[in-house]
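Here are some warm-up exercises for getting to know a new structure. Try each task on your own, then check the steps below it.

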Amino acid sequence: MTSYIILYLAVINIISVFVTILDKHNAKKKKQRVPELTLLLLSAIGGSVGMYITMRIIRHKTRKPKFMVGIPMIIILQAALCVFLWRFVNG
């Protein structure tokens, strides 16, 4: 089970990195952007760490509190959920 969770997180983070880079590229080229809701949903379903690191590296959405505060809050909530589930499962 753990290996499936790790695989899922790896895949969703790779997708999140790709979509973040795509949005930055489209912003520069004045093409259709990725909706902010999509970026936040990708973050919420497990891609938060990859997305946050990518946003910092490529300087994308760094002036938007929704992302620079929201995504770290999602990471904290996800970490808390992991601790809770770990304790629940392991007694």
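Throughout, two residues are in contact, or touch, when they have heavy atoms within 4.5 Å. One more thing before you start: the model is predicted.

**Exercise 1. Get an overview of the fold and of how confident the predictor is.**

Step 1: Start with the helices and strands. The protein chain has 4 helices and 0 strands, and along the sequence the pattern reads α-α-α-α.

Step 2: Look at the overall dimensions. The C-alpha trace spans about 50 × 25 × 20 Å along its principal axes.

Step 3: Check the confidence. The mean pLDDT of the protein chain is 96, and 100% of the residues score at least 70. Helix by helix, α2 comes out highest at 98, while α4 is lowest with a mean of 95.

Step 4: Ask how much is tucked away. Of the 91 residues, 30% count as buried.

Step 5: See how far along the chain the contacts reach. Take contacts between residues at least 6 apart in sequence: 62% of them join residues at least 24 apart.

**Exercise 2. Describe α1, then place F18 and T20 on it: buried or exposed?**

Step 1: Work out the length. α1 has 28 residues and reaches 41 Å from its first C-alpha to its last, which is close to the 40 Å expected at 1.5 Å a residue.

Step 2: Find the buried residues. These are I12, N13, S16, V19, T20, D23, K24 and N26. What covers them includes α2.

Step 3: Recall a general point about spacing. An α-helix has 3.6 residues a turn, so residues three or four places apart point the same way.

Step 4: Take T20, which sits in helix α1. Its relative accessible area is 0%, so T20 is buried, the cut-off being under 20%.

Step 5: List the partners of T20. Leaving aside neighbours within four places in sequence, T20 is in contact with L39, M51, T54, M55, I58 and H60.

Step 6: Now take F18, also in helix α1. F18 counts as exposed because its relative accessibility is 57% and the cut-off is over 50%. The C-alpha atoms of F18 and T54 are 9.1 Å apart in space, with their positions 36 residues apart in sequence.

**Exercise 3. Which residues have a positive phi although they are not glycines, and how accessible are they?**

Step 1: Begin just after α1, where K30 takes a positive phi of about 55°. K30 belongs to the loop between α1 and α2.

Step 2: Check the accessibility of K30. The value is 76%, so K30 counts as exposed. As for distance, the C-alpha atoms of K30 and T20 are separated by 15 Å, and the two are 10 residues apart along the chain.

Step 3: Move on to K61, in the loop between α2 and α3. K61 has a positive phi of about 65° and is not a glycine.

Step 4: Check K61 in turn. With a relative accessible area of 12%, K61 is buried.

**Exercise 4. Where is T62 found, and what does T62 touch?**

Step 1: Locate the residue. T62 is in the loop between α2 and α3, where α3 covers 65-68.

Step 2: Classify T62. Relative accessibility is 35%, so T62 counts as partly exposed.

Step 3: Apply the contact rule. Not counting residues up to four places away in sequence, T62 touches M55 and M68.

Step 4: Add a distance. T62 and Y52 are 10 residues apart in sequence, and C-alpha to C-alpha they are 9.5 Å apart in space.

**Exercise 5. What lines the largest pocket, and which helix gives the largest share?**

Step 1: Get the volume. The largest pocket holds about 600 Å³ of space.

Step 2: Look at the lining. There are 21 lining residues, and the closest to the centre of the pocket are I5, L9, Q78, C82 and L85.

Step 3: Sort the lining by helix. α1 (2-29), α2 (36-58) and α4 (70-90) each supply at least two residues. The largest share, 9 residues, comes from α4.

Step 4: Sort the lining by class. You should get 15 nonpolar, 6 polar and no charged residues.

How values were computed:
Residues numbered from 1 in each chain as written. Predicted model: local features only at pLDDT ≥ 70, side-chain atom pairs only at ≥ 80, totals over all residues. Heavy atoms only, no water. 1 Å grid on protein atoms, 1.4 Å probe; cavity = no way out; pocket = protein on both sides within 12 Å on 5 of 7 lines; lining within 4 Å. Points joined across faces, edges and corners; volume = space filled by probe spheres on them. Nonpolar A, V, L, I, M, F, W, Y, C, P; charged D, E, K, R; others polar. Expected span 1.5 Å × (residues − 1). Buried < 20%, exposed > 50% of the residue type's maximum accessible area, 1.4 Å probe, protein only. pLDDT = per-residue confidence, 0-100.
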